[in-house]
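Student: Could you take a close look at one part of this model with me? I would like the cut-offs spelled out as you go.

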Amino acid sequence: MPSTSSRKGPNPFLFFGLSLVSFGAFLYIVKRREVTYPASKQPRQQDNPLVPPRHRDPS
């Protein structure tokens, strides 16, 4: 007897396309941020007083 259900399974290309689009959007945002907000020009984050420093002062 053939199945009377008309439901289909999920389309695997839809899942693949969605993951590809989300990865592409992530790369676009990362590359755009590198150009618009370079890390070297951002102000240095203040040290946490509870964590010993890992860098040495130049003085």
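Tutor: Happy to; here is a walk along the helix and its surroundings. This is a predicted model, where local features need pLDDT of at least 70, side-chain atom pairs count only at pLDDT 80 or more, and totals for chains, interfaces and linings use all residues. Residues are numbered from 1 along each chain as its sequence is written, and side-chain values use heavy atoms, with hydrogens and water left out.

The protein has one helix and zero strands (DSSP runs, numbered from the N terminus: H or I of at least four residues for helices, E of at least two for strands). Helix H1 covers residues 12–36, and Phe-23 sits in it. The end C-alpha atoms of H1 are 36 Å apart, which agrees with the 36 Å expected for 25 residues at 1.5 Å a residue (the expected span is 1.5 Å times one less than the number of residues). At the start of H1, a side-chain oxygen of Asn-11 comes to within 3.1 Å of the backbone nitrogen of Phe-13.

How well is H1 covered? Hardly: zero of its 25 residues are buried (under 20% relative accessible area, with exposed over 50% and partly exposed in between, using a 1.4 Å probe and protein chains only). Phe-23 counts as partly exposed because its relative accessibility is 47%. Across the protein, buried residues make up 0% of the 59 residues.

Note on methods: A polar contact is a pair of N or O atoms within 3.5 Å; within protein, one must be able to donate a hydrogen and the other to accept it, and residues adjacent in sequence count only if both atoms are side-chain atoms.
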